[in-house]
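Please walk through this fold with the model open beside you. Begin with the whole chain, then go sheet by sheet.

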Amino acid sequence: KRINFEVHPKLKMMKKIVLVLFVGLLGLSLKAQDTAAKIEFKTETVDYGEIEKGSDGIRVFEFTNTGSAPLIISNVRSSCGCTIPKKPEDPIMPGKTGEIQVKYDTNRVGPIRKAITVTSNADTPTKILKIKGEVKAASGTK
């Protein structure tokens with residue numbers, strides 16, 4: 001005897017619906033990947049050079065959102081308390097520029113080697129920026 005297995009017509013229709021939904025969701029997820037924010041810094045290292053103790057310690061990292069979605073910088077932190085970063089509060093729209101301000105305590109004499117970690121919704125969610133240089137004692141002091 002031969003056993004005949006036939007698939008119920010409703011089950012066939014259900015399989016087709018599931019397949020269409022799966023392909024649709026796959027297409028949406030691929031499209032979502034195209035609409036991502038991208039952060040591109042003008043430079044990822046700021047060199048203070050040699051500066052005098054007590055001089056202006058503020059420097060700026062400029063960046064552009066080269067993606068197709070708004071860029072949101074959620075956190076900016078430094079590797080120590082001697083460096084205070086300031087992030088933009090508003091989203092940076094595609095094609096627009098923004099800046100991260102960094103203030104180093106120039107009352108500390110010696111070399112500057114610090115890292116600033118930027119966290120955002122960009123395709124590369126974490127970026128490490130660096131500051132370097134040297135703070136010299138003011139002229140006439142030791």
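The paragraphs below cover the overall make-up, the two sheets and a surface patch.

This is a predicted model: local features need pLDDT of at least 70, side-chain atom pairs count only at pLDDT 80 or more, and totals for chains, interfaces and linings use all residues. Residues are numbered from 1 along each chain as its sequence is written, and side-chain values use heavy atoms, with hydrogens and water left out.

The chain holds one helix and eight strands. Helices (H or I, at least four residues) and strands (E, at least two) are DSSP runs, numbered from the N terminus. Read from that end, the order is α-β-β-β-β-β-β-β-β. Of the 142 residues, 26% are buried. Buried means under 20% relative accessible area, exposed over 50%, and partly exposed in between (1.4 Å probe, protein chains only). Take the contacts between residues at least 6 apart in sequence: 67% of them join residues at least 24 apart. A contact means heavy atoms within 4.5 Å.

Now the sheets. Strands of a sheet pair through backbone hydrogen bonds, either parallel or antiparallel. Here two strands count as paired if DSSP finds at least two bridges between them.

One open sheet has four strands in the order 1-3-6-5, with antiparallel pairing. Strand 1 (39-41) and strand 5 (83-86) each have a single partner strand, so one side of each lacks a neighbour in the sheet. Neighbouring strands are turned by 30° against each other on average, direction ignored. Axes are lines fitted to C-alpha atoms, for helices over the stretch in contact, and angles run from 0 to 180 degrees between N-to-C directions. Strand 1 pairs with strand 3 (residues 58-65) in the antiparallel sense, over three bridges. Ile-39 has Asn-65 of strand 3 as its bridge partner.

The other open sheet also has four strands, ordered 2-8-7-4, and its pairing is mixed. Strand 2 (45-52) and strand 4 (73-78) are its edges, each pairing on one side only. The average turn between neighbouring strands of this sheet is 20°, direction ignored. Strand 4 meets strand 7 (residues 110-120) in an antiparallel pairing of five bridges. There, Asn-75 is bridged to Thr-119 of strand 7.

Finally, the surface. Which residues form a nonpolar patch there? They are Leu-19, Phe-22, Val-23 and Leu-26, with about 410 Å² of accessible area together. Phe-22 lies in helix 1 (residues 9-34). Phe-22 is exposed, at a relative accessible area of 55%.

Technical notes. Patches are made of residues with over 30% relative accessible area and no salt bridge: like charges are joined within 9 Å, nonpolar side chains (Val, Leu, Ile, Met, Phe, Trp, Tyr) within 5 Å. Accessible areas come from the Shrake-Rupley method with a 1.4 Å probe; for residues, only the protein chains shown count as cover. A salt bridge is a side-chain nitrogen of Lys or Arg within 4 Å of a carboxyl oxygen of Asp or Glu.
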